[in-house]
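Hello,

Here is the structure I promised to pass on to you. Have a look at it first, and my notes on what turned up follow below.

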Amino acid sequence: MKNIPAYEASATEHFDAIAAAKGRVRSRRDANGEPIDRGVVLRGIRDYVLRRYREYGDKKPHLERMPSEPTAVTDEQREALLHCYDAPTTALGSLKGKIQAAQADLALCPYCGIGEPDTWDHYLSKTAFPELSVHAPNLVPCCGTCNRKKGDTLIEGGERTILHFYYDTVEQEVALLRAEVSMNAGRPTVRFAIALDTGVSAEYLRLFRHHFRRLDLLERYRRLARLEIGAIVDEVKVWARAQRAADTVRIARHLARRAEHYEESQGTNSWKAALWGAMARAHDVLQTLAQVAASGARVGT
C-alpha cells in the first residue's frame, strides 16, 4: 500500500468546463414541459459548490468532520450535480485523464493492492455529497471489487472506515500487515493479521483495521497467497538451478530480497511483501523449499 499523488489543479476551471458542457444539452424538462438547462442550474449554485470544495480541502484527511448538507440544494440542483458525473462529457473525460496522468505509475488498486484500478470511487459518496461528484480530490481510482465493498458508507460511529490514499499517511515505516507461514500436512499455510504493537497512533490503527475489515482484505490476501506460494516455489527452483544453491540460508536471503522489492514498489504493507518476508523467516518452509529445489519435485499448495 502506498500513497498516490492527488491531482492538484484549478477546481473552479474544471467545474466551469463541465457546467458549460451541460448547458449544451437540454434533455430534461420541468413540470411545465419546458426544457431545463442544466448549465444554468449549475452556474446558479457555483458559489456553493466551490465553498464545499474549499471545505473539503480544509477538513482533509479528517473528512468525517465534513457533514453532508442534504437540504442545501433543491431536487433540480441535485439532479444536475449528479448528472455532471453520471452522464460523461469531454470535460469530465479530460479531468479523469489529468488525474490518471498525475498517477502514471499506478498499476494496482490503492485500496487493496490486488486489482486493476479501472473504476472510480467517490471517497465521500456522491449520493450524500452530490456537490463533490466531479471534485478531483474526491475521485479515487480503484478496482471494482473494492468499489463495491466500500459502497456509499464511509463513516461508522463517527470515524472513517476507509483510508484516503491521497491524504492519509499510508507509507508507514513499520509493517502493520503481518503474515505467518507454516507447513501443515505437507502444504504451506498462510495467516495474515494486523499487528497491534507497532507504535502507530491508536487513531490510525483503528482506521487501518476498519479499512481491512470493510474491504475483507485479510481473507482476499489469504486466498491469493495460495497461488502466490506456487509461484514462489517455481521461482525458487529456477533460481536454485541457476545459482547451483539449494540451502536454506541462501534461499532465505533470496526471498528476503524479493520481499524488499515489493516493499519498495508496493509499500511496506504490501501483502506480497508480507508473504515473501514470512516465507523467508519460516524455518520449516525453507527446509521444504530446499528439498524441493534439490529434487525438482513439487510442493503441495
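The sulfur of cysteine 112 has its closest cysteine sulfur in cysteine 146, at 3.6 Å, which is too far for a bond, because a disulfide needs the two sulfur atoms within 2.5 Å. Please keep in mind that this is a predicted model. Cysteine 109 is in a similar position: the closest cysteine sulfur is that of cysteine 112, 3.8 Å away, and this too is too far for a bond. By this rule the count of disulfides is zero. Both residues are buried: cysteine 109 has a relative accessible area of 2%, and cysteine 112 has a relative accessibility of 1%.

Next, helix H4, which covers residues 75-86. At 1.5 Å a residue, its twelve residues should span 16 Å, and the end C-alpha atoms are indeed 16 Å apart, so the two agree. Its buried residues are Gln77, Ala80, Leu81, Leu82, His83, Cys84 and Tyr85. What do the buried residues of H4 pack against? Their partners are four helices, H1 (11-22), H2 (38-44), H3 (46-59) and H5 (90-102), together with strands S3 (119-122) and S4 (139-142).

Finally, the largest pocket. Its volume is about 390 Å³. It is lined by 23 residues, and those closest to its centre are Lys2, Asp105, Leu106, Leu108 and Ser265. Sorted by class, the lining of this pocket holds 13 nonpolar, seven polar and three charged residues.

Happy exploring, and best wishes!

Note on methods. Residues are numbered from 1 along each chain as its sequence is written. This is a predicted model: local features need pLDDT of at least 70, side-chain atom pairs count only at pLDDT 80 or more; totals for chains, interfaces and linings use all residues. Side-chain values use heavy atoms; hydrogens and water are left out. On a 1 Å grid over the protein atoms alone, a cavity is a set of points where a 1.4 Å probe fits but cannot get out, and a pocket is an open set with protein on both sides within 12 Å along at least five of seven lines; lining residues have an atom within 4 Å of a point. Grid points are joined across faces, edges and corners, and a volume is the space filled by probe spheres set on the points. Ala, Val, Leu, Ile, Met, Phe, Trp, Tyr, Cys and Pro count as nonpolar, Asp, Glu, Lys and Arg as charged, and the others, Gly among them, as polar. Buried means under 20% relative accessible area, exposed over 50%, partly exposed in between (1.4 Å probe, protein chains only). Helices (H or I, at least four residues) and strands (E, at least two) are DSSP runs, numbered from the N terminus. The expected span of a helix is 1.5 Å times one less than its number of residues. Contact means heavy atoms within 4.5 Å.
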